[in-house]
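Welcome! Please take a moment to look over the sequence and the model below, and then we will walk through some of its features together.

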Amino acid sequence: SVRRSRLRGAAPHGLRRADGRGQLMSILFFAFVIAPMIAGSFAGIEYNEFGLLKRKSTGKLKRDKVYTAGNYGVGMDMTFKIFPSDVQFEYLPELSLFSGDKLETIVNFGVEYHLVQDHVQDLHDRYELAYANVVRSKVIDSIKNSAVGFETPMYFQNRTYLEERFKENVQARIANENTGFG
């Protein structure tokens, strides 16, 4: 009878009594299925990076927002395409130039630049991650085009003036492109 089964500890109407195995299965399910899914849905960007959201499965970018440093809950199939936000250096050792009097001059040249956060989408559309080569070629073009305006003695007698002129021309060349370089 129902009354006797209740006294002996059995559940009425054929229901099983909860045991430790059900709880253990729930804990294991959470530990091995749910917890990794939650952890895998976060992606991070370091303090010296920008990022555009990218779908892992298709590689397609979401261009509506540029993300800065932090951890973001973006979902399991999302990650970030990373761009540096700190200063980038381009060093051009032994660059061969021709001066205004048609003599070859060898100079060492260094450039610092950074990517502008508001223009990272445009930068990606134009160059993807090959922007460093673009900067290098634009800098070399600008320097070589500027060099012909100065005679060879200027390179030895008035270096500070030449450095300033080269700097102005390189900045104008890079900024003129509206590429997101600063």
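## A walk through the model

H114 is partly exposed, with a relative accessible area of 34%. This residue sits in the loop between β7 and α3. Its C-alpha atom is separated by 5.7 Å from that of Q88, although H114 and Q88 are 26 residues apart along the chain. Please keep in mind that you are looking at a predicted model.

### The overall layout

Now let us step back to the whole chain. It has six helices and seven strands, and read along the sequence they follow the pattern α-α-β-β-β-β-β-β-β-α-α-α-α. Of the 182 residues in the chain, 30% are buried. Which share of the contacts with a separation of 6 or more comes from residues 24 or more positions apart? Such residues account for 63% of those contacts.

### Aromatic rings

The model holds seven aromatic pairs. One of them joins F150 and F166 in an edge-to-face arrangement, with 6.1 Å from centre to centre and 85° between the planes. F150 belongs to the loop between α4 (131–147) and α5 (152–157), while F166 belongs to helix α6 (residues 159–176), so this pair ties together parts that are 16 residues apart in sequence. Are these two rings buried or exposed? F150 is buried, with a relative accessible area of 12%, and F166 is buried as well, at 5% relative accessibility.

F166 also pairs with Y155: the ring centres are 6.5 Å apart and the planes lie at 35°, so this pair is tilted. Here too distant parts of the chain are linked, since Y155 is in helix α5 and F166 is in helix α6, 11 residues apart. Both Y155 and F166 are buried. Widening the view, F109, F150, Y155, Y161 and F166 form one aromatic cluster.

### The largest pocket

Some of these names come back when we turn to the largest pocket, which holds about 610 Å³ of space. It is lined by 23 residues, and those closest to its centre are F109, G110, E163, F166 and K167. Which elements give two or more residues to this lining? They are β7 (104–113), α5 and α6. Helix α6 gives the most, with 10 residues. By kind, the lining divides into 13 nonpolar, five polar and five charged residues.

Strand β7 also contains T105. This threonine is buried, with a relative accessible area of 9%. Leaving aside residues up to four places away in sequence, T105 touches L95, S96, L97, S99, T152 and Y155. Y155 is the residue we met above as a ring partner of F166.

### One face of helix α3

Next comes helix α3 (residues 120–127), where the buried residues are V120, Q121, L123, H124 and Y127. Why do they line one face of the helix? Seen down the axis of α3, these buried residues fall within an arc of 160°, so they share one face. As background, an α-helix has 3.6 residues a turn, so residues three or four places apart point the same way. The cover over the buried residues of α3 includes β2 (49–55), β3 (61–67), β5 (78–84) and α4.

### Residues with a positive phi

Most residues other than glycine have a negative phi. The following residues have a positive one, and the table gathers them by place.

| Residue | Phi | Place |
|---|---|---|
| E94 | about 50° | strand β6 (residues 88–98) |
| K102 | about 65° | loop between β6 and β7 |
| E128 | about 55° | just after α3 |

How accessible are E94 and K102, buried or exposed? E94 is exposed, with a relative accessible area of 63%, and K102 is exposed too, with a relative accessible area of 70%. Neither E94 nor K102 is a glycine. As for E128, its positive phi comes just after the end of α3, the helix whose buried residues line one face.

### Looking back

If you would like one place to return to in the model, try F166. This residue is buried at 5% relative accessibility, pairs edge-to-face with F150, forms a tilted pair with Y155, and is among the residues closest to the centre of the largest pocket.

Notes: Residues numbered from 1 in each chain as written. Predicted model: local features only at pLDDT ≥ 70, side-chain atom pairs only at ≥ 80, totals over all residues. Heavy atoms only, no water. Phe/Tyr/Trp six-rings, centres within 6.5 Å; stacked < 30°, edge-to-face > 60°. Helix = DSSP H or I, 4+ residues; strand = E, 2+ residues; numbered from the N terminus. Buried < 20%, exposed > 50% of the residue type's maximum accessible area, 1.4 Å probe, protein only. 1 Å grid on protein atoms, 1.4 Å probe; cavity = no way out; pocket = protein on both sides within 12 Å on 5 of 7 lines; lining within 4 Å. Points joined across faces, edges and corners; volume = space filled by probe spheres on them. Nonpolar A, V, L, I, M, F, W, Y, C, P; charged D, E, K, R; others polar. Arc of directions from axis to C-beta. Contact = heavy atoms within 4.5 Å.
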